[in-house]
Amino acid sequence: MTLFAGPVFDMARTQFNIIADHLEIPSDERDRLLLPKRAISVSCPIHMDDGRTAVFTGYRVQHHLTLGPAKGGTRYAPNVDIGEIAALAIWMSWKCALADLPYGGGKGGVTVDPRLLSPRELESLSRRYMQEMIPFVGPHTDVMAPDMGTNEQVMAWFMDTYSMYQGVTVTEIVTGKPVGSGGTLGRNEATGHGVAFLASRALDHLGIDPLASTAILQGFGNVGSHAAIGLARRGTRIVGLSDHTVAIYDRNGFDAQSAFDHVMKHRVLKGFADQAEIDPTELLTKPCDILAPCAVERVIDEEVAAALNCRILAEGANGPTTPDADLVLGNQNNAIFVIPDILCNAGGVIVSYFEWVQSLQQYFWSKDEVMEKLERALDRSWRQVVDRANRHGVSNRTAAMSIGVDRVRKAKQARGLFP
Ligand code: NAD
């Protein structure tokens, strides 16, 4: 039992123990690898527009600092708790190590529904959260980025608040900031682009013609929308989409760019294709070649896994598939080709790393350069994962996590107990 106990942390722990068994990690080494180095909880009081003072709870978890600063997004969502943030930080560790980035995993969050705040309230909360975090973060300690419910504007407020405290502009304190404020070209679409790139790689691997392929995406925010646009550009028909307001399905397909334009204008997918609305619980099990959950964790449980009707599961979201669902997929002889989250959505942190490097050097790259380096990095990880899965006869998730966990373990063994 730890401070972090809860459904999402328990899932991260179960996944880790499966990998630890596979790697034959002795039991006395496991807690040291799994439990976060540092967890911070802060209270963020702000003045609301109606004159009240409201206090929001924020968290930041730094899983380890063995390979470099902690790195990870900041989530604003009503159900955020310390266990969920710890799990997300742990997954970031394996993800960064798999991509060979010089980072430990980090994650932060505030328990709030950002859609219920006015722009001024959102700015006050974001600035206050960063203000509270100043003693614990830094460009070489912990570098934040966007996640669900936050965006480049929030990163700009974080960066400005930190910079004003230091008395100089410190763009390298966050990634995912606006290009005009030290951000990198390509970061905004990087995660979705990576999902589309790897899903297309999987089509190729399975010998499926992209021009005859179909995809369903759950979640149409930063990751889902850019993944849909990227897949559509490669010739895949987008037959299903959803966000928190609606799910739509049409075998003839939707125009991903028009859906994106609709969401830019109305903030929600509802109203884009009223005639195609379906029960959101049905979306994940509709027939398609590529199913890409790009919203929240634990949406594919045992029951959903048994009913999946796709060839490729491209995990844009973090932790969309539970360990019980993994067992179901394994029992089907891995008939569904899973691109596990720590590989599938790594495009975001890879381009965040490029942004951090550019910010540190104040030397900026072209978008083509960023995208070319991103695809090369994803391709390298893809080959390592597929190769290990084949060699060891294990699932892609076990292969991906084993590479990540083993790299962190070896770095800890080399350095000692401190970091
Ligand atoms: P976002 O806030 O931009 O979008 C989230 C989307 O999910 C929205 O369309 C929202 O309406 C939808 N959604 C929320 N709950 C839903 C539900 N129950 N059913 C269907 N749709 C629902 O967030 P994002 O940045 O796109 O992140 C999505 C996922 O991808 C998260 O798991 C996040 O951790 C992960 N991720 C994000 C990045 C990144 O760079 N943004 C990188 C790696 C992983």
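The residues of the shell around the ligand divide into seven nonpolar, 11 polar and four charged; Ala, Val, Leu, Ile, Met, Phe, Trp, Tyr, Cys and Pro count as nonpolar, Asp, Glu, Lys and Arg as charged, and the others, Gly among them, as polar. The model is predicted: local features need pLDDT of at least 70, side-chain atom pairs count only at pLDDT 80 or more, and totals for chains, interfaces and linings use all residues. Residues are numbered from 1 along each chain as its sequence is written, and side-chain values use heavy atoms, with hydrogens and water left out.

**Ligand site**

The ligand is surrounded by 22 residues (a heavy atom within 4 Å), the closest being D147, T191, N222, H244 and N318. Domain 1 (11–176) and domain 2 (188–344) each contribute at least three residues to this shell, the bounds coming from an automatic or database domain assignment. Helices α6 (187–206) and α7 (222–233) each supply at least two of its residues; helices (H or I, at least four residues) and strands (E, at least two) are DSSP runs, numbered from the N terminus.

The table gives polar distances from the ligand.

| Residue | Protein partner | Distance to a ligand oxygen atom |
|---|---|---|
| D147 | side-chain N or O atom | 2.7 Å |
| N318 | side-chain N or O atom | 2.8 Å |
| N222 | polar backbone atom | 2.9 Å |

Of the 820 Å² of accessible area that the ligand has on its own, the protein covers 82% (Shrake-Rupley method, 1.4 Å probe).

**Second largest pocket**

The second largest pocket has a volume of about 460 Å³. A pocket is an open set of points on a 1 Å grid over the protein atoms alone, where a 1.4 Å probe fits, with protein on both sides within 12 Å along at least five of seven lines; the volume is the space filled by probe spheres set on the points.

Its lining comprises 22 residues (an atom within 4 Å of a point), with N334, S395, N396, R397 and T398 nearest the centre. By class, 12 are nonpolar, eight polar and two charged. Elements that each supply at least two lining residues are α1 (7–22), α11 (323–331), β12 (337–339), α14 (367–392) and α15 (396–415); α11 gives the most, with five. Because domain 1 and domain 2 both give residues to the lining, the second largest pocket lies between them.

Definitions and conventions. A polar contact is a pair of N or O atoms within 3.5 Å; within protein, one must be able to donate a hydrogen and the other to accept it, and residues adjacent in sequence count only if both atoms are side-chain atoms.
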